[in-house]
Amino acid sequence: MRSIWNGAISFGLVNIPIKLVNATESRSISFRQIHLADGGRIRYRKVCELDEEEVTSAEIGKAYEDADGSMIPITDDDLARLPLPTAKTIEIVGFVPEASIDPLQVSSAYYIAANGVPAAKPYTLLREALKRSEKVAIAKFALRGRERLGMVRVLGDVIALHGLLWPDEIRQPEGVAPETEVSIRDAELDLADALMDTLGEVELESLHDDYREAVEELIAAKADGAELTAPEGAGERGGGKVLDLMAALESSVRAAKESRGGGGAGGGDHAEVTRLPTGKKTAGAKKGTSKTASKTASKTASGTAEKKTPAKKPAAKKTAAKKTATGKTAAKKTAAGKTTAKKTPTRKRSA
């Protein structure tokens with residue numbers, strides 16, 4: 001990897017010769033502009049607006065445009081003579097916990113390499129000190145014509161430098177959050193939690209750029225004179241309004257479980273999480289419209305106990321005695337008891 005900047009890290013009185021290497025690279029596919037009529041390449045030429053002549057890069061310099069429109073030339077020598085301590089030095093100004101850095105501030109990323117054998121010892125000292133402190137260093141450095149803010153941290157056996165935006169470069173999120181009052185029910189939060197648990201964690205190394213791969217396939221097909229046909233449903237992603245948030249969450253949980261091999265049948269936990277009042281009548285309520293559900297359920301349980309197990313007959317008789325004062329019911333219960341008694345010897349003989 002080629003270095004893009006040579007200088008030093010200033011760590012108090014310790015000076016570490018280093019070089020910067022880009023830690024990231026762009027893999028996006030770039031396109032050229034062409035003339036649709038004949039396919040000719042469209043190029044941009046740098047032309048002086050005074051004499052309308054095209055100029056080369058060697059003839060182009062820098063200038064600052066004043067408020068009145070006049071140009072103030074600034075040369076590279078002018079910038080090099082600025083009394084800037086960070087012109088060739090990454091100056092560490094303090095140490096903070098890494099959690100105190102807002103990810104919104106992080107921009108570019110670089111690897112810091114020791115420049116030469118003598119730099120190995122102080123480089124390793126700084127790396128191990130950062131490891132033991134469990135903090136990151138805040139630094140100032142100059143790169144590509146301006147001073148920048150940076151975060152120096154340890155990444156394995158390497159020291160990395162992350163460019164940071166200056167605090168005044170972060171815009172305040174005014175008018176971004178919803179301004180209307182919204183109430184979230186516990187059931188909705190439970191479903192959201194269930195969806196997060198179902199999706200689980202992800203290994204970043206397993207992710208890749210599907211769009212770039214699709215563009216590469218398109219280019220290859222076009223080069224061979226073929227046409228790619230889009231699969232059915234491609235690009236049809238849920239637009240529009242979510243009319244039923246609960247239904248959307250339930251469907252998301254179900255789909256996430258199926259995609260991870262849980263299947264639709266494994267919905268026991270899903271049913272527990274998403275249990276909501278449905279307003280349906282119980283089985284006991286359906287059997288007796290003139291009586292309460294609890295009385296009917298009790299009655300049903302008593303009748304079932306009589307038919308299946310004689311041991312529970314005393315309890316059934318007590319319940320029947322409480323519910324009716326007529327001798328008819330008692331007689332029926334006694335008859336039922338006799339029938340049960342007759343059935344028992346028959347089972348013994350057949351055995």
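**Figure 1. Contacts of T198 in the predicted model.** Leaving aside residues up to four places away in sequence, T198 touches V253, A256, K257 and R260. The structure shown here and in the following views is a predicted model. T198 is found in helix α3, which comprises residues 186-199. The relative accessibility of T198 is 17%, and the residue therefore counts as buried, the limit for this class being under 20%.

**Figure 2. Negative surface patch formed by D186, D190, D193 and D197.** The view shows the four aspartates that make up this patch of negative charge. One of them, D190, is found in helix α3, the helix of residues 186-199 that also holds T198. D190 has a relative accessibility of 39% and so counts as partly exposed, whereas T198, at 17%, counts as buried.

**Figure 3. Nonpolar surface patch that includes I72.** The side chains of Y64, I72, I74, L79, L82 and L84 make a nonpolar patch of about 510 Å² on the surface. I72 has its place in strand β4, which runs over residues 71-74. Because its relative accessibility is 38%, I72 counts as partly exposed; this class lies between the limits of 20% and 50%.

**Figure 4. Salt-bridge network of R127, E128, K131 and D157.** These four residues are linked to one another in a network of salt bridges. Within the network, R127 forms a salt bridge with E128, and the closest N and O atoms of this pair are 3.0 Å apart. R127 counts as buried because its relative accessibility is 14%. Its partner E128 has a relative accessible area of 36% and is therefore partly exposed. The bridge between R127 and E128 thus joins a buried arginine to a partly exposed glutamate.

**Figure 5. Salt bridge between E147 and K140.** The side chains of E147 and K140 meet with an N to O distance of 3.9 Å, the cut-off for a salt bridge being within 4 Å. E147 has a relative accessible area of 23%, so this glutamate is partly exposed. K140 also counts as partly exposed, because its relative accessibility is 28%.

**Figure 6. Salt bridge between R212 and E216 within helix α4.** R212 and E216 both lie in helix α4, the helix of residues 210-223. The two residues are four residues apart, about one turn of the helix, and their side chains meet in a salt bridge with an N to O distance of 3.7 Å. R212 is partly exposed because its relative accessible area is 21%. E216 has a relative accessibility of 40% and so counts as partly exposed.

**Figure 7. Overall context of the close-up views.** The secondary structure of the protein comes to 10 helices and nine strands; among these elements are helix α3, with T198, strand β4, with I72, and helix α4, with R212 and E216. The protein has 351 residues, of which 20% count as buried. Its accessible surface comes to about 27,400 Å², and 54% of this area belongs to carbon and sulfur atoms. Of the contacts between residues at least 6 apart in sequence, 59% join residues at least 24 apart. A search of the whole structure finds nine salt bridges, including those of R127 with E128, E147 with K140, and R212 with E216.

Technical notes: Residues numbered from 1 in each chain as written. Predicted model: local features only at pLDDT ≥ 70, side-chain atom pairs only at ≥ 80, totals over all residues. Heavy atoms only, no water. Buried < 20%, exposed > 50% of the residue type's maximum accessible area, 1.4 Å probe, protein only. Contact = heavy atoms within 4.5 Å. Patch = residues over 30% accessible without salt bridge, like charges linked within 9 Å, V, L, I, M, F, W, Y side chains within 5 Å. Areas by Shrake-Rupley, 256 points an atom, 1.4 Å probe, with all protein chains shown as cover. Lys, Arg positive; Asp, Glu negative; His and termini not counted. Charge placed at Lys NZ, Arg CZ, Asp CG, Glu CD.
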